[in-house]
Amino acid sequence: MTNRNLLALILLIVFTLTGCQTAAVPAPAPEAAPTAAVPSPESTPTPALTPVPEPDPLAEQLAAMTVEEKVGQLLIGGFEGTEIGDQATRLVQEYQVGGLILYGRNIAGAGQLVTLTNGLKALNGDGIPLFLSIDQEGGGVDRMPPEVRRTPGAYCVGQTGSVPAAQSYGDVLAAECAAFGLNLDFAPVLDVWSNPGNTVIGQRAFSADARTVAGLGPAAARRMMDQGVIPAVKHFPGHGDTAVDSHVGLPVVDKSPEELEETE
């Protein structure tokens, strides 16, 4: 018996005497296959919604107008008489003008003027609202009915050199217009009365000094806008340095662009 066999026999006797049994060694569990990492689902970005533009009622109305209607809106017409006659009716309903201007020939009294402006609005119906305009400057160009106290002209305001006075002047012009349903006033005059021989402008201007006119005229115009009346300032390129009345002739302003820029 070889030494190896003898050793095995001794171990067998020892295990038998002690009641020990060879424990079965469990086979190692097979390694689990590595689990592949499952990517978390990426949230799909919500596409940005393209805002739907609000419809522009003015653009839609303009697109639906004929060329003739568009041309009519560029014009402001005048008519004879203190009541609505054939002229005014044709201007509003046939030619569909953008507005009408009232002069002294159209104004006899406060009640009559209110009736006239309300009648013109009714004549226009649901059409594009009319510019109902007037030449109300005060002073020598005062179109208000006789029941309205005469309004000082721009030159009186200019003599004060006061911006608050100019603002009050603008407030008065706007209030007079609004009281009779007028929404556009061809005022204030922003000419500079630089030619003493000028008879058509004269004291319709705030001053013979350009800086004074530039300070007071726009102050009056802004206050008119604040009151809801559109100021149509005048005249361009400058009627203050002329000697001819443009109502009866053709005035010429013989100045360089630099001179016009400096004063007019």
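How many salt bridges does the structure hold? In this predicted model, the structure holds ten salt bridges, and the legends below take up several of them before turning to helix H7.

**View 1. The salt bridge between Arg 105 and Glu 80 joins distant parts of the chain.** The closest N and O atoms of Arg 105 and Glu 80 are 3.8 Å apart, and the two residues are separated by 25 residues along the chain. Arg 105 belongs to the loop between strand E2 (99–102) and helix H5 (110–124), whereas Glu 80 lies in the loop between strand E1 (76–77) and helix H4 (86–94). With a relative accessibility of 39%, Arg 105 counts as partly exposed.

**View 2. Asp 135 and Arg 143 take part in a network of salt bridges.** The side chains of Asp 135 and Arg 143 meet at 3.7 Å, N to O. Asp 135 has a relative accessibility of 12% and therefore counts as buried, while Arg 143, at 24%, counts as partly exposed. The network that links these two residues also includes Glu 137, Arg 204 and Lys 234.

**View 3. Asp 142 and Arg 150 form a salt bridge.** Between Asp 142 and Arg 150, the closest N and O atoms are 3.3 Å apart. Asp 142 counts as buried because its relative accessibility is 18%, which falls under the 20% limit for that class. Arg 150, with a relative accessibility of 44%, counts as partly exposed.

**View 4. Helix H7 covers residues 163–179, and its length agrees with the expected span.** At 1.5 Å a residue, the 17 residues of H7 should span 24 Å, and the end C-alpha atoms are indeed 24 Å apart. At the N-terminal end, Ser 162 caps the helix, with a side-chain oxygen 3.1 Å from the backbone nitrogen of Ala 165. Just after H7, Gly 181 takes a positive phi of about 75°.

**View 5. The buried residues of H7 are covered by elements that include strands and helices.** Which residues of H7 are buried? They are Ala 166, Tyr 169, Gly 170, Asp 171, Leu 173, Ala 174, Glu 176 and Cys 177. An α-helix has 3.6 residues a turn, so residues three or four places apart point the same way. Among the elements that cover the buried residues of H7 are strand E3 (131–134) and strand E4 (184–185), together with helix H6 (154–160) and helix H8 (210–226).

Terms used. Residues are numbered from 1 along each chain as its sequence is written. This is a predicted model: local features need pLDDT of at least 70, side-chain atom pairs count only at pLDDT 80 or more; totals for chains, interfaces and linings use all residues. Side-chain values use heavy atoms; hydrogens and water are left out. A salt bridge is a side-chain nitrogen of Lys or Arg within 4 Å of a carboxyl oxygen of Asp or Glu. Helices (H or I, at least four residues) and strands (E, at least two) are DSSP runs, numbered from the N terminus. Buried means under 20% relative accessible area, exposed over 50%, partly exposed in between (1.4 Å probe, protein chains only). The expected span of a helix is 1.5 Å times one less than its number of residues. Contact means heavy atoms within 4.5 Å. A polar contact is a pair of N or O atoms within 3.5 Å; within protein, one must be able to donate a hydrogen and the other to accept it, and residues adjacent in sequence count only if both atoms are side-chain atoms.
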